[in-house]
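Please look through the structure shown below, going from the overall fold to the surface and then to individual residues.

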Amino acid sequence: PKSFYSVHMKILANHFQLIALVSTFEMNWSEATESYFSIQDEIAAFGDQVLAFDCFFQSNTSDIHLLYTKLIMMNALPIVAAVSICLVWFVIWIVIVRKSDD
């Protein structure tokens, strides 16, 4: 199961890399293919924007400090996301319980 998941993630990452590479070729693509490329580009751009923390920091910080800050933030991001999701579902659960008590 864990190796199965790892293999699928590698295949998916390889797929996105190939799509990004192929979309840079200047060819007469069909309209459907162009649409597919634009969707893939939007997905890739969203991932880049989510992980772009440079805009939050002042430019006078050292590069090493910025690197460590980025590493800490990127490692904390899954934890923050998991806690946020749990809080949202907890609030939804409380609302449902209160509705059922009425």
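Helices, in the sense used here, are DSSP runs of H or I with at least four residues, while strands are runs of E with at least two, and both are numbered from the N terminus. On that basis the protein chain of this predicted model has 3 helices and 0 strands, and, read along the sequence, its elements follow the pattern α-α-α.

Turning to solvent exposure, one finds that 6% of the 102 residues of the protein chain count as buried, and that the accessible surface of the chain comes to about 9100 Å², with 69% of this area belonging to carbon and sulfur atoms.

Which residues make a nonpolar patch on the surface? Ile-85, Val-88, Trp-89, Ile-92 and Ile-96 together form such a patch, which covers about 510 Å². Trp-89, one of these residues, has its place in helix H3, which spans residues 63-101. Because the cut-off for an exposed residue is over 50% relative accessible area, Trp-89, at 57% relative accessibility, counts as exposed.

A second residue to consider is Asp-41, which is located in helix H2, the element made of residues 31-50. Its relative accessible area is 40%, and Asp-41 is therefore partly exposed, since that class takes in the values between the limits of 20% for buried and 50% for exposed residues. Along the chain, Asp-41 and Ala-20 are 21 residues apart, whereas in space their C-alpha atoms are separated by 7.3 Å.

Definitions and conventions: Residues numbered from 1 in each chain as written. Predicted model: local features only at pLDDT ≥ 70, side-chain atom pairs only at ≥ 80, totals over all residues. Heavy atoms only, no water. Buried < 20%, exposed > 50% of the residue type's maximum accessible area, 1.4 Å probe, protein only. Areas by Shrake-Rupley, 256 points an atom, 1.4 Å probe, with all protein chains shown as cover. Patch = residues over 30% accessible without salt bridge, like charges linked within 9 Å, V, L, I, M, F, W, Y side chains within 5 Å. Salt bridge = Lys/Arg side-chain N within 4 Å of Asp/Glu carboxyl O.
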